[in-house]
Amino acid sequence: MAHVTIHLPSILASLVGERVVPVDAASVAGALEALTARHPALGQALFDESGALREHVLCFHNKENTHWHAQGLGQKLLAGDKLTILQAVTGG
Amino acid sequence: MKKVVLFVGTEKGAFLIRSRDRYNWQLEGPLFKGWKVTAAGRSPDGRFLAASASYVYGPLLHISDDLVQWDSVKDGPSYGEGRKLEQIWTVAATRRGLYAGVAEAGLFFAADPMGPWKPVQGLNDHPTRAAWQPGLGGLCAHVVLENPENPDQLWCGISAVGVFRTDDGGKTWHPRNRGVTVAIEDKDHKDIGFCVHGLALNPHNPAVLYRQDHLGMFRSDDAGDTWQRSNAGLPADFGFPIVTDPDTGAVYAYPLHSDEYRLPVGGAMAVYRSTDQARSWAPLARGLMQEGGYASVLRGAMDVDGLSPCGVYFGTSSGTVHCSADGGDSWQQPDCLLPRILCIKAFVL
């Protein structure tokens, strides 16, 4: 288990009352699971009906988009890592 | 005097507009800043519900004791894999619990607003389901009504499918659209394809219903079994909201010039009222723009407060709010210009 922080966009932070959420987890998926356990509303906001991240939700592990990583959300975490949730900017 | 609070859901958050006398109004908000706020309601125990939606984060249901502090409902409506929940269009209280009407079209029921919200399979998996087609607003279940004298009888309006009725408490649902002009004719299922925009019940006689359809205003005198065109005095067939005064039974609508234009006819904004069960209609325009008024009203953006005389309220897609404390005879405009208004609910506290 690594102690990491998850940084939320303000529109989600306003929903749950905190912008930076500290969690202990071994992987990105585990961290997101801990996040949604703490704030269940985020489960529906971040994941679609199939259980995948919603199409326009991005999750960065430090500076890397988890979509691009071979292990995806299975990526291992180290203490002090930072996860950042962003919404994909689409259209004008 | 009772206080009235208007809950106004917009494309970019919700606002509260409060009044003690229904003439002087104070704006609060935004709540749910940045979220599309699509519906609001009140559970039988007095708690308030609001639905938000986001292109990125999907729909969520929220609950509040005071309309100010809100918590998200953990076990809200969800289809699970295979069908997408895009938006919650209505939250309707009945004596047995709450219904949420959603897009993709379907209903969810919860005995308690905190959930669990369970799919209403008899409607959601209706034998005609594969033939359901969306209208411009999407494929949405946007209205649920309960017979106040018979909790087993409910109606649900789905755009662009039609009105369905259950007589067994929601187990089975049957299309009830005979006499209405079809909008999207299906090759096999001739009892669907009716684009209902708004549906209201006569508060004194639950056999009488009114529906604003894509192709006209209709009335039923037999609980929806058959419908008759009912548009005498209306300037156009098209429109979205329809509401009734629970005290007098007056019916209110906001006609728009055809599905092609969707604007007040001639730029003259007017609510139309019927006091004879939709057999005839007359305009209510005092205080509304009669030249250059091209603001439309969406299906959820009109409500009444149930007081006497009845307060009538509507919000426009241009962000203006209009209030009448005298049953629609005259209109005032609170001092605000909001984002595109999607829904208005009048709560009496």
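These are my notebook entries on a core, a pocket and a loop residue in this structure.

**Entry: the model.** I am working with a predicted model.

**Entry: nonpolar cores.** I looked up the largest nonpolar core and found that it has 44 residues. Those with the most contacts inside this core are Leu8(A), Leu12(A), Leu46(A) and Ile85(A) from chain A, together with Phe7(B), Phe32(B) and Tyr57(B) from chain B. Helix α1 of chain A, residues 10–16, gives the largest share of this core, five residues. I also noted a second, separate core of 35 residues, with Phe238(B), Phe240(B), Tyr313(B) and Cys323(B) among them.

**Entry: Tyr57(B).** Which residues does Tyr57(B) touch, leaving out those up to four places away in sequence? In chain A, I listed Pro9(A), Ile11(A), Leu12(A), Gln44(A), Ala45(A), Leu46(A), Arg54(A), Val57(A), Leu86(A) and Gln87(A). In chain B, I listed Trp35(B).

**Entry: second largest pocket.** I read off a volume of about 510 Å³ for the second largest pocket. Of its 22 lining residues, Ser54(B), Tyr55(B), Val56(B), Tyr57(B) and Gly58(B) are the closest to its centre. Tyr57(B) thus turns up in my notes on this lining and on the largest nonpolar core. I sorted the lining by class and got eight nonpolar, six polar and eight charged residues.

**Entry: Arg47(B).** I found Arg47(B) in the loop between β4 (36–42) and β5 (48–53) of chain B. The side chain of Arg47(B) makes a polar contact of 2.8 Å with that of Asp45(B). Not counting residues up to four places away in sequence, Arg47(B) touches Gly41(B), Arg42(B), Ile63(B), Ser64(B), Asp65(B), Asp112(B), Pro113(B) and Met114(B).

Conventions:
Residues numbered from 1 in each chain as written. Chains lettered and ligands numbered in written order. Predicted model: local features only at pLDDT ≥ 70, side-chain atom pairs only at ≥ 80, totals over all residues. Heavy atoms only, no water. Helix = DSSP H or I, 4+ residues; strand = E, 2+ residues; numbered from the N terminus. Polar contact = N/O pair within 3.5 Å; in protein donor to acceptor, adjacent residues only side chain to side chain. Contact = heavy atoms within 4.5 Å. 1 Å grid on protein atoms, 1.4 Å probe; cavity = no way out; pocket = protein on both sides within 12 Å on 5 of 7 lines; lining within 4 Å. Points joined across faces, edges and corners; volume = space filled by probe spheres on them. Nonpolar A, V, L, I, M, F, W, Y, C, P; charged D, E, K, R; others polar. Core = buried A, V, L, I, M, F, W, Y, C linked by side-chain atoms within 4.5 Å. Buried < 20%, exposed > 50% of the residue type's maximum accessible area, 1.4 Å probe, protein only.
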